[in-house]
Amino acid sequence: MPRPTVTQLVYGSATVFLSTLAMLLLSQTQTGIGVAVIALAGLGLGLLVAMTVPMPRMSRVVRRHVVRAKSPARTPLRAVPPPAGRIPGPRVSHTTDTRVGQHSR
């Protein structure tokens, strides 16, 4: 399991403190058991918030640089030699030239 980041610790601690304070003020509990239950609920909420804060990722620029460094496309491009032998061109029929306008109405 990765270690929590500073951001996760700050968010989790702030959540524990503020949620526990808010629940104590709103419930107006006076018993020790009630305070303990609220403290445990605040701690659980803080853990939940700390674990759901997204972990820092690699920026797009760094990721792109790393991917390009590993890419086989770093080799220089070479021209493709023409195939040996004659390549036949498109067949041009003079009869098709006269019928081009027939279907254009």
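Begin by colouring the predicted model by confidence, and compare two of its elements: helix 2, residues 32-52, has the highest mean pLDDT among the elements of the chain, at 91, whereas helix 4, residues 94-98, has the lowest, at 56. Taken over the whole chain, the mean pLDDT is 76, and 57% of the residues reach 70 or more.

**The whole chain**

Now switch to a cartoon view and follow the chain along its sequence, where you will meet four helices and zero strands, in the pattern α-α-α-α. If you then turn on the surface, you are looking at an accessible area of about 9,800 Å², of which 66% belongs to carbon and sulfur atoms. Of the 105 residues in the chain, 10% are buried. It is also useful to know how the contacts are spread along the sequence: among those with a separation of 6 or more, 58% are made by residues 24 or more positions apart.

**Gly-12**

Select Gly-12 next, which you will find in helix 1. Is Gly-12 buried or exposed? Its relative accessible area is 7%, and because buried means under 20%, Gly-12 counts as buried. Show the residues around Gly-12 and, leaving out those up to four places away in sequence, you will see that Gly-12 touches Gly-46 and Ala-50. Then draw a distance between the C-alpha atoms of Gly-12 and Leu-48, which are 36 residues apart along the chain, and the viewer should give a separation of 7.7 Å.

**Phe-17 and its patch**

Move along to Phe-17, which has its place in helix 1, the helix that covers residues 6-27. Phe-17 has a relative accessible area of 55%, and therefore it is exposed, since the cut-off for that word is over 50%. Add Leu-18, Leu-21 and Leu-25 to the selection and show them as a surface: together with Phe-17 they form a nonpolar patch on the surface, with about 440 Å² of accessible area between them.

**Thr-20**

Keep helix 1 in view and select Thr-20, which is also placed there. With a relative accessibility of 15%, Thr-20 counts as buried. Which residues is Thr-20 in contact with, leaving aside its neighbours within four places in sequence? They are Thr-15, Ile-38, Ala-39 and Gly-42, so it is worth displaying the side chains of that group while you turn the model.

**Ser-27**

Go on to Ser-27, which lies in helix 1 as well. Ser-27 is partly exposed, with a relative accessible area of 41%. Look at the side chain of Ser-27, where a polar atom lies 2.9 Å from the backbone oxygen of Met-23. A second distance to draw runs from the C-alpha atom of Ser-27 to that of Ile-38, and these two residues, eleven apart in sequence, are 9.2 Å apart in space.

**Gln-28**

Finish the tour at Gln-28, in the loop between helix 1 and helix 2. Gln-28 is exposed, with a relative accessible area of 63%. Which backbone angle should you look at here, given that Gln-28 is not a glycine? The angle is phi, which is positive at Gln-28, with a value of about 55°.

Notes. Residues numbered from 1 in each chain as written. Predicted model: local features only at pLDDT ≥ 70, side-chain atom pairs only at ≥ 80, totals over all residues. Heavy atoms only, no water. Patch = residues over 30% accessible without salt bridge, like charges linked within 9 Å, V, L, I, M, F, W, Y side chains within 5 Å. Areas by Shrake-Rupley, 256 points an atom, 1.4 Å probe, with all protein chains shown as cover. Salt bridge = Lys/Arg side-chain N within 4 Å of Asp/Glu carboxyl O. Buried < 20%, exposed > 50% of the residue type's maximum accessible area, 1.4 Å probe, protein only. Contact = heavy atoms within 4.5 Å. pLDDT = per-residue confidence, 0-100. Polar contact = N/O pair within 3.5 Å; in protein donor to acceptor, adjacent residues only side chain to side chain.
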